[in-house]
Amino acid sequence: MDTPEAGQAARCPVDHGAAAAPATTIPATALPGSKKHAVAQLYNYWTNPQAFVENCRREYGPRFQVSIRLPPRPVYVLTTSEDVKAMFTAPADVLHTGNGSATIEKYTGQSGLAWLDEDAHKARRKAMMPSYNGAALERITEAIVETAKTDVADWPRNTPVQLHSHIHSFTMNVIREVIYGPKGPSTWTELHRLLLEMMEFNNGPVSPMLLHKMPTRMVKVLRAIRPLGLERFLKLRDRVDRLVYDSIDEHRNAGYAGDDLLSVLLKMTHPDGTPLTDAEIRDEISTIFLAGTETTAAAIAWAFVYLARDPARTARLREELGTGEDTYLTAVVNEVLRLRPSIPNIIVREVKKPIEIGGVRYEPGQHLWASAFLLNRDPDLYEDPDVFRPERFIGVKPGSYNWIPFGGGRIRCLGDRIALVEMKAVISEVLGRYDLVVTEPEPERARSRIVVNVPSDFARMTLRPRVPATQGARG
């Protein structure tokens with residue numbers, strides 16, 4: 001978790017008082033930004049998110065505003081390490097993150113960790129930590145390695161395939177281990193299939209819509225427009241919810257009490273001593289099904305996009321993997337996450353008390369958005385920032401405020417270490433079995449998939465076996 005640097009702990013890194021604001025302070029509403037309608041901005045961001053934010057920074061500078069939400073409202077984008085640090089280290093009662101999860105409410109509900117702030121968030125996060133650390137992490141790590149072997153062995157070979165869907169299936173199997181432990185629910189095969197089918201909705205343009213804020217009549221109209229996919233999504237969600245509730249009952253009745261997330265949630269209580277309701281447990285589980293799979297699947301897909309087009313670095317990585325070391329593998333993973341952070345713009349912070357960041361004063365009700373994509377490609381921080389160069393992380397640990405693929409501050413991703421293990425396991429397994437063959441010399445541009453960015457061709461390539469089937473790959 002991010003903390004103030006040494007020598008700064010006694011002093012808040014940001015100014016919360018109007019009287020102390022310097023004469024050069026400007027109101028956030030004075031920041032430059034596109035005058036296009038929110039629908040046009042949303043379309044441009046959805047179809048080419050990288051170009052959208054890069055053009056904004058080029059035209060408006062390191063601080064600007066965009067409007068890519070419906071109903072329209074400005075979001076103020078931060079792109080420098082100084083501004084990001086100020087945001088991450090601001091007091092919990094000054095910036096809230098709960099409302100920043102509105103885009104994924106259709107999955108998460110509104111009672112889980114993603115929607116909590118201040119003391120409630122701190123208490124829930126602390127209670128959930130044992131499912132991601134210590135013995136649980138060791139168990140999950142072993143499961144990841146075995147799952148990578150069995151899943152990758154079944155991936156199609158010698159034909160062009162979109163790897164993202166197979167990677168997403170793998171990450172879903174890993175999250176099953178996180179949520180349920182060694183023994184998953186009896187309906188896991190069906191639940192796994194329905195989850196992946198339901199999340200195909202994330203590829204569509206209406207997936208970011210805030211359904212919970214729309215009038216019932218509007219949602220009914222949208223459901224009737226079948227090409228939008230909303231009707232299918234909501235029906236699939238109902239089926240998934242029934243299976244999730246069944247899995248909660250099954251876990252409870254079995255009396256299993258391990259370090260898996262569901263066991264922890266079943267033992268968790270509110271401050272008044274009452275247990276979480278099944279609906280609250282469902283919200284936490286559904287949050288992890290979404291956030292714990294989409295993000296890692298995107299990152300792994302981007303790793304293969306870059307490695308497939310860089311045979312020299314792929315060869316170097318294979319050579320190291322043969323020795324059992326992982327120094328270069330770690331550098332590759334760090335570089336992929338720098339270039340392609342799964343969530344390119346981290347969870348929105350809502351201002352609850354006035355705050356000044358970088359000479360800009362933000363007022364209560366305004367929304368701040370730190371751009372991991374722009375920060376991680378800042379030419380003042382990284383030489384040749386658009387170039388895939390893992391060597392920049394050899395012997396160099398990523399900084400807390402200039403490399404933020406997992407967010408930061410009080411809400412840094414709980415499963416960051418699990419994600420890193422997943423990336424390393426799948427990359428190692430695939431490179432040990434296959435050569436990656438692509439026909440396009442340049443990496444594909446990004447496209448939006450709800451809150452993550454994925455390769456626009458979903459990492460389409462051919463896996464060519466490097467060893468006879470009898471020695472490794474099945475089938």
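Colleague: Is Met-218 buried, partly exposed or exposed, and at what relative accessibility?
Modeller: This is a predicted model, and the values are computed from it. Buried needs under 20% relative accessible area and exposed needs over 50%. Met-218 falls in between, so it counts as partly exposed, at a relative accessibility of 40%.

Colleague: Which residues make a nonpolar surface patch with Met-218, and what is its area?
Modeller: Met-218 is found in helix α9, residues 216-224. The residues that join Met-218 in the patch are Val-221 and Ile-225. The nonpolar surface patch made by these residues has an area of about 240 Å².

Colleague: Where is Thr-293, and what is its relative accessibility?
Modeller: Thr-293 has its place in helix α12, which covers residues 278-308. The cut-off for buried is under 20% relative accessible area. Thr-293 counts as buried because its relative accessibility is 0%.

Colleague: Which backbone oxygen lies 2.6 Å from a polar atom of the side chain of Thr-293?
Modeller: Leaving aside neighbours within four places in sequence, Thr-293 is in contact with His-168, Thr-171, Met-172, Ile-175, Met-199 and Ile-288. The polar atom of the Thr-293 side chain has a backbone oxygen at 2.6 Å, and that oxygen belongs to Phe-289.

Colleague: What separation do the C-alpha atoms of Thr-293 and Ala-419 have?
Modeller: Along the chain, Thr-293 and Ala-419 are 126 residues apart. In space, the separation of their C-alpha atoms is 9.0 Å.

Colleague: With which residue does Glu-294 form a salt bridge?
Modeller: In this salt bridge of Glu-294, the closest N and O atoms are 2.7 Å apart. Glu-294 lies in helix α12 and its partner in strand β11, residues 446-449, so the pair ties together parts that are 155 residues apart in sequence. Glu-294 is buried, and the partner is buried too. That partner is Arg-449.

Colleague: Which residue forms a salt bridge with Glu-231?
Modeller: The closest N and O atoms of this pair are 3.4 Å apart. Both residues lie in helix α10, residues 230-254, at a spacing of four residues, about one turn of the helix. Glu-231 is buried because its relative accessible area is 14%, whereas the partner is partly exposed at 47%. The partner of Glu-231 is Lys-235.

Colleague: How many salt bridges are counted in the model?
Modeller: One of them joins the side chains of Asp-283 and Arg-282, at 3.0 Å from N to O. Asp-283 and Arg-282 are buried. A network of salt bridges links Arg-139, Arg-176, Glu-177 and Asp-259. The count of salt bridges is 32.

Colleague: Which backbone oxygen does the side chain of Ser-131 reach?
Modeller: Ser-131 has its place in the loop between α5 (118-128) and α6 (134-153), and it is buried because its relative accessible area is 0%. Beyond four places away in sequence, Ser-131 touches residues including Ala-136, Ile-140, Val-178 and Val-264. The backbone oxygen that its side chain reaches, at 3.1 Å, is that of Asp-259.

Colleague: Which residue in β9 is the bridge partner of Glu-350?
Modeller: Strand β6, residues 349-351, pairs with β9 in the antiparallel sense over two bridges. The partner of Glu-350 counts as buried because its relative accessibility is 5%. Among the residues it touches are Arg-69, Arg-73, Val-348 and Arg-349. The bridge partner of Glu-350 is His-367.

Colleague: Which residue in β9 stands opposite Tyr-76?
Modeller: Strand β3, residues 75-78, and β9 pair in the parallel sense over three bridges. Within β9, residues 367-370, His-367 and Trp-369 point one way, Leu-368 and Ala-370 point the other way, and all are buried. The residue opposite Tyr-76 is Leu-368.

Colleague: What value is phi of Asn-158 near, and is Asn-158 buried or exposed?
Modeller: Asn-158 lies in the loop between α6 and β5 (160-162). Asn-158 is exposed because its relative accessible area is 53%. Its phi is positive, in a residue other than glycine, and is near 60°.

Colleague: What is the relative accessible area of Ala-459?
Modeller: Ala-459 lies in the loop between β12 (452-455) and β13 (460-465). Its phi is also a positive value in a residue other than glycine, near 60°. Ala-459 is buried because its relative accessible area is 0%.

Key. Residues numbered from 1 in each chain as written. Predicted model: local features only at pLDDT ≥ 70, side-chain atom pairs only at ≥ 80, totals over all residues. Heavy atoms only, no water. Buried < 20%, exposed > 50% of the residue type's maximum accessible area, 1.4 Å probe, protein only. Pairing = 2+ DSSP bridges. Contact = heavy atoms within 4.5 Å. Polar contact = N/O pair within 3.5 Å; in protein donor to acceptor, adjacent residues only side chain to side chain. Patch = residues over 30% accessible without salt bridge, like charges linked within 9 Å, V, L, I, M, F, W, Y side chains within 5 Å. Areas by Shrake-Rupley, 256 points an atom, 1.4 Å probe, with all protein chains shown as cover. Salt bridge = Lys/Arg side-chain N within 4 Å of Asp/Glu carboxyl O.
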